[in-house]
Amino acid sequence: LAAAGLGDMESPAALAEPGHIYAFAFRDPEGRNVRILAGARTHAEVKDHPDKPRKISHLVLNSRDAAGITDFYTRTLGFKVSDRTAMMTFIRGNSDHHSVAFVKSAHNTLHHIAFEMMDIDAVPEHLVVVGSSFIALEFAQMYRRFGSRVTVLARSSRLLTREDDDVAAAVHAVFVREGIDVWLDAVATSAARTPGGGVTLTVQQGGAARTIDASHVLAAAGRAPNTRDLGLEAAGVDVDKNGYIVVDGALRTSAADIWALGDCNGRGAFTHTSYNDFEVVAANLLDGAARSIDARPFIGCLYVDPPLGRVGLNERDARASGRHVLVGARPMTRVGRARERGETDGFMKIFVDADTKLILGAVLFGIEAAEAVHSIAAIMHARVPYTVLRESVFSHPPVSELIPTILSELRPLR
């Protein structure tokens with residue numbers, strides 16, 4: 001906490017987790033996820049071009065993790081690692097323990113959660129992923145690219161129920177092309193250990209029961225805040241019906257001198273929003289600022305390949321907002337970078353309020369989308385008219401070069 005700028009506070013600061021109180025904590029569980037996501041693409045590229053030399057650089061947390069990276073590539077994937085670049089990690093202080101809703105089973109180790117999947121030491125023969133949102137789909141694609149047979153069980157009639165229909169359909173098409181089985185309207189109801197050490201899942205689909213055998217099961221069907229055992233009621237801290245701690249824009253709870261940051265407050269549940277929570281609280285307490293997260297637009301990326309980058313409202317939300325909305329769109333087949341790389345899946349859509357001229361949101365699915373979306377996010381944060389971005393000059397040929405062009409071709413959203 002001293003390194004984070006909170007060490008000079010007169011009142012002692014602490015981080016709470018069930019059964020523990022910590023004065024400080026240094027952890028970055030996403031570092032391993034970054035490593036494995038990159039490894040999936042590397043593995044797929046090496047299979048296609050086995051004679052091409054390749055340098056592997058990753059985020060390293062400590063010497064143990066550095067050794068783990070080497071082991072991951074050499075023993076688990078069979079690579080010969082000749083170079084590795086270590087980088088500094090960052091401080092993350094908020095708790096990230098979650099309960100995961102899953103099926104009834106006779107043994108509590110029949111399935112894995114995301115962090116556990118990053119610790120397995122072999123490529124699964126058949127991975128069944130229960131869930132169809134960000135974590136579920138990222139792990140599904142990465143393990144398919146490692147060589148696993150992968151089946152995704154989606155409770156709904158499509159993937160990514162919070163995203164637009166065209167986004168869900170495009171991601172689904174990519175998965176089918178890569179050989180990932182997708183079961184829609186599929187609800188896992190029970191699981192049992194097989195004599196060979198695998199798992200048999202019973203699945204309700206279309207009013208009928210089916211079974212599927214798996215070597216590994218990833219439960220990624222949902223998360224819940226881990227607040228039940230913190231004694232919040234005794235401290236006068238209110239939670240909502242889902243267990244999230246209720247906060248105002250400055251992250252203050254209903255109890256004096258208590259703030260809630262990160263996943264537990266239900267105001268983001270991403271690493272970047274959790275860190276922004278810290279920035280807001282630190283600025284307000286240490287610098288006398290009056291920052292708030294109330295005006296913070298949603299921003300999140302789905303790190304499948306190609307990635308999805310979204311900020312603010314998507315098309316469904318824009319239609320439901322009651323505003324006069326303009327939209328600009330362009331398929332990736334008309335984007336120079338995508339054509340140059342031969343990766344033309346996807347599209348870009350930007351939504352503008354016709355009355356205020358402010359950008360309401362954007363949905364970018366395709367190569368470099370997770371980077372390009374941030375130029376739009378910056379304009380939204382500044383709350384300046386879309387014309388500022390439309391009249392900007394971007395270098396050629398990155399994907400973001402076409403954002404001003406898209407904003408020059410707006411039309412009413414029908």
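This report walks through a predicted model of a protein, from its overall make-up down to a few unusual spots in the backbone.

## The big picture

Let's start with the whole chain. The protein has 414 residues, and 43% of them are buried. Its secondary structure adds up to 12 helices and 20 strands.

What share of the contacts with a separation of 6 or more comes from residues 24 or more positions apart? The share is 61%. As for the outside, the protein exposes about 21,000 Å², and carbon and sulfur atoms supply 51% of that area.

## A sheet of four strands

Now look for an open sheet of 4 strands, which pair in parallel in the order β9-β8-β7-β13. Strands β9 (181-183) and β13 (216-219) are at the edges, and each has a single partner strand, so one side of each has no neighbour in the sheet. Going from one strand to the next, the twist averages 20°.

Zoom in on β8, residues 149-153: this strand runs parallel to β9, and 3 bridges join the two. Here you can find T151 standing opposite D181 in β9. Helix α4 (residues 134-146) packs on this sheet and touches β7 (126-130), β8 and β13. The direction of α4 makes about 165° with that of β8.

## Rings that pair up

How many aromatic pairs does the model hold? The count comes to 6. One of them is F134 with F270: the ring centres are 6.4 Å apart and the planes meet at 55°. An angle between 30 and 60 degrees counts as neither stacked nor edge-to-face, so this pair is called tilted.

This pair also links distant parts of the chain, since F134 belongs to helix α4 while F270 is in the loop between α6 (232-235) and α7 (271-286), 136 residues apart. Are these two buried or partly exposed? F134 has 15% relative accessibility, so this residue counts as buried. F270 comes in at 22%, so F270 counts as partly exposed. Together with F298, F134 and F270 form one aromatic cluster.

Helix α4 has another pair to show you. Y143 and F146 both lie in this helix, 3 residues apart, which is about one turn. Their rings are edge-to-face, at 5.4 Å centre to centre with 85° between the planes, and both residues are buried.

There is also a ring with a charged partner: R210 lies over the face of W183, 3.7 Å from the ring centre.

## Odd spots in the backbone

A bit of background helps here: most residues other than glycine have a negative phi, and most peptide bonds are trans. Now for some exceptions.

Two peptide bonds are worth finding. The bond joining D305 and P306 is cis, with omega about 5°, and P306 is in the loop between β15 (299-302) and β16 (308-312). The bond from H396 to P397 is cis too, with omega near 10°. P397 is in the loop between α11 (386-390) and α12 (403-407).

Then there's phi. D185 is not a glycine, yet has a positive phi of about 50°. You'll find D185 in the loop between β9 and β10 (186-193). Its relative accessibility is 39%, so D185 counts as partly exposed. R383 isn't a glycine either, and has a positive phi of about 55°. R383 lies in the loop between α10 (369-382) and α11, and at 58% relative accessibility this residue counts as exposed.

Notes
Residues numbered from 1 in each chain as written. Predicted model: local features only at pLDDT ≥ 70, side-chain atom pairs only at ≥ 80, totals over all residues. Heavy atoms only, no water. Buried < 20%, exposed > 50% of the residue type's maximum accessible area, 1.4 Å probe, protein only. Contact = heavy atoms within 4.5 Å. Areas by Shrake-Rupley, 256 points an atom, 1.4 Å probe, with all protein chains shown as cover. Pairing = 2+ DSSP bridges. Axes fitted to C-alpha atoms, helices over the stretch in contact; angles between N-to-C directions. Phe/Tyr/Trp six-rings, centres within 6.5 Å; stacked < 30°, edge-to-face > 60°. Lys NZ or Arg CZ within 6 Å of the ring centre and 35° of its normal.
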